[in-house]
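Biologist: I am new to this structure and would like to begin with one part only. Please pick a spot, look at it closely, and then show me how it connects to its surroundings.

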Amino acid sequence: MKTPDDVAEMLRLKACGWGLKRIARQLGCSHHTVKVYVAADGVKPFKSPERPKRLDGLEGWLRERFIRHRGNADVVRQDLLAEKGVADSRRTLQRAVQPYRQALRAEVLATTRFETPLGRQRHCDRQPRRGGWHR
């Protein structure tokens, strides 16, 4: 991938009437690279291809089952095969339930109680005075 300055230089030289191979020699790259950038009229952002996935449309079902099984993706995968007839790898299912796993972790941490043994923590409702703590 070329820098935006290199691409701008390619377009400028092409506008001046230079050929693709001459521009490529000048900038030290392949003439195929120059051809792609000139055809695109600049830098185009990368876009991954849109492909249909086997788990599309099952997000709600996956979330419900994942929470029911307390974060066990392998059991969810077995349910998926038994009920929906969809055979997917464990890793694919782990990637699909990753946002739900983070939410489950956050929920567990938010409800975790913090207890200390008796005598290890002091509680005081009074405000300190200028000279320190007084009764």
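Modeller: Let's start at Asp79, which counts as buried because its relative accessibility is 17%. Here, buried means under 20% relative accessible area, exposed means over 50%, and partly exposed lies in between, with a 1.4 Å probe and protein chains only. Before we go on, please keep in mind that this is a predicted model, in which local features need pLDDT of at least 70 and side-chain atom pairs count only at pLDDT 80 or more, while totals for chains, interfaces and linings use all residues. Residues are numbered from 1 along each chain as its sequence is written, and side-chain values use heavy atoms, with hydrogens and water left out.

Asp79 belongs to helix 5, which covers residues 73-84. Helices are DSSP runs of H or I with at least four residues, strands are runs of E with at least two, and both are numbered from the N terminus. Leaving aside residues up to four places away in sequence, Asp79 touches Trp61, Arg65, His69 and Lys84; a contact means heavy atoms within 4.5 Å.

Now for the helix itself. The expected span of a helix is 1.5 Å times one less than its number of residues. For the twelve residues of helix 5 this gives 16 Å, which agrees with the 15 Å between its end C-alpha atoms. Asp79 has company among the buried residues of helix 5, which are Ala73, Val76, Asp79 and Leu80. Looking down the axis of helix 5, you find these buried residues within an arc of 110°, so they line one face of the helix. That arc is taken from the directions between the helix axis and the C-beta atoms. The buried residues of helix 5 pack against helix 4 (59-68), helix 6 (90-96) and helix 7 (98-110).

Both ends of helix 5 deserve a glance. At the N-terminal end, Asn72 acts as a cap, with a side-chain oxygen 3.2 Å from the backbone nitrogen of Asp74. After helix 5 comes Gly85, which has a positive phi, near 75°. Arg70, in the loop between helix 4 and helix 5, also has a positive phi, about 55°, although it is not a glycine. Arg70 is exposed, with a relative accessible area of 72%.

Moving on past Gly85, we meet Asp88 in the loop between helix 5 and helix 6. Asp88 is buried, because its relative accessible area is 14%. Its side chain makes a polar contact with the side chain of Arg54, at 3.1 Å. A polar contact is a pair of N or O atoms within 3.5 Å; within protein, one must be able to donate a hydrogen and the other to accept it, and residues adjacent in sequence count only if both atoms are side-chain atoms. Again not counting residues up to four places away in sequence, Asp88 touches Arg54, Leu55 and Arg77.

Leu55 leads us into the nonpolar interior. In soluble globular proteins, nonpolar side chains tend to be buried together. A nonpolar core is a set of buried Ala, Val, Leu, Ile, Met, Phe, Trp, Tyr and Cys residues joined through side-chain atoms within 4.5 Å. The largest one here has 13 residues, and those with the most contacts inside it are Leu55, Leu62, Phe66, Val76, Leu80 and Leu93. Helix 4, helix 5 and helix 7 each supply at least two residues of this core. Val76, from the buried set of helix 5, touches Trp61, Leu62, Arg65, Phe66, His69 and Leu93, when residues up to four places away in sequence are not counted. Apart from this core lies another, of eight residues, among them Leu13, Ile23, Ala24 and Tyr37.

One more neighbour is Ala96, in helix 6, which is partly exposed at 24% relative accessibility. Ala96 touches Leu55 and Leu62, not counting residues up to four places away in sequence.

Finally, let's step back to the chain. It has seven helices and zero strands, and buried residues make up 20% of its 135 residues. Among contacts between residues at least 6 apart in sequence, 43% join residues at least 24 apart.
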